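Work through the exercises below with the sequence and the model side by side. Try each task before you read its solution.

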Amino acid sequence: MKELICIVCPKGCRLKVDEERDYAVTGNSCPRGAEYGRAELTHPTRVLTSTVRCVGGAHPRCPVKTNGPIPKGDIFPAMALLDGVTLTAPVRTGQVVVKNVLGTGVDFVAARDL
């Protein structure tokens, strides 16, 4: 039995997920908590945020994020993709910075205009 705190909404329900009973979830106050509990133990994913270099803008770094969740195990290899990225201003929010991160179909996009 694993215990988690649900992060889907601000309530922070204390979930218990029983791996031996087909990932049965208890402690959730909504169906989204049950989905989260199952997914977190079977296929955990995260939206990744970081910054990249930017030249010619008001700031030397531009915030970026994935436009969807990626597998938790791919976080460090995905971050390594950003090491050599340098943007040139102007940059627009939503502009693709790295396409199809590690074959996931998810892109790194700019999170701010510069």
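Helices (H or I, at least four residues) and strands (E, at least two) are DSSP runs, numbered from the N terminus. The model is predicted, so that local features need pLDDT of at least 70 and side-chain atom pairs count only at pLDDT 80 or more, while totals for chains, interfaces and linings use all residues. Residues are numbered from 1 along each chain as its sequence is written, and side-chain values use heavy atoms, with hydrogens and water left out.

**Exercise 1. Describe the overall fold and extent of the protein.**

Step one is to list the elements: the protein has two helices and 10 strands, and their order along the sequence is β-β-β-α-β-β-β-β-α-β-β-β.

Step two is to consider the extent, for which the radius of gyration is taken over C-alpha atoms and the globule rule is 2.2 Å times the number of residues to the power 0.38. The protein has a value of 18 Å, whereas a compact globule of 114 residues would have one near 13 Å. Along the principal axes, the C-alpha atoms fill a box of roughly 55 × 25 × 15 Å.

Step three is to look at burial, where buried means under 20% relative accessible area, exposed over 50%, and partly exposed in between (1.4 Å probe, protein chains only). Of the 114 residues, 32% count as buried.

**Exercise 2. Find the partners of strand E5.**

Begin with the rule that two strands pair if DSSP finds at least two bridges between them. Strand E5 (residues 49-55) runs antiparallel to strand E6 (residues 61-66), and five bridges join them; within this pairing, valine 52 has cysteine 62 of E6 as its bridge partner.

Next, turn to strand E8 (residues 86-88), which runs parallel to E5 and is joined to it by three bridges. Here the bridge partner of valine 55 is threonine 88.

Finally, inspect the hairpin of E5 and E6, where five residues lie between the strands and glycine 56 takes a positive phi near 80°.

**Exercise 3. Compare the settings of aspartate 18 and proline 60: is each one buried or exposed?**

Start with aspartate 18, whose place is in strand E2 (residues 14-18). Aspartate 18 counts as buried because its relative accessibility is 11%. Contact means heavy atoms within 4.5 Å, and, leaving aside neighbours within four places in sequence, aspartate 18 is in contact with Met1, Tyr23 and Ala24.

Then move to proline 60, which sits in the loop between E5 and E6. Proline 60 counts as exposed because its relative accessibility is 61%. Not counting residues up to four places away in sequence, proline 60 touches Val52, Arg53 and Cys54. The C-alpha atoms of proline 60 and leucine 4 are separated by 38 Å, and these two residues are 56 apart along the chain.

**Exercise 4. Examine the backbone in the loops on either side of strand E9.**

First, locate proline 90 in the loop between E8 and strand E9 (96-98); a cis peptide bond, with omega about 5°, joins alanine 89 and proline 90.

Second, follow the chain into the loop between E9 and strand E10 (108-110), where asparagine 100 lies. Phi of asparagine 100 is near 50°, a positive value in a residue other than glycine, and asparagine 100 is partly exposed, with a relative accessible area of 38%.

Third, look at leucine 102, which is also found in the loop between E9 and E10. Phi of leucine 102 is positive and near 50°, and leucine 102 is partly exposed because its relative accessible area is 40%.
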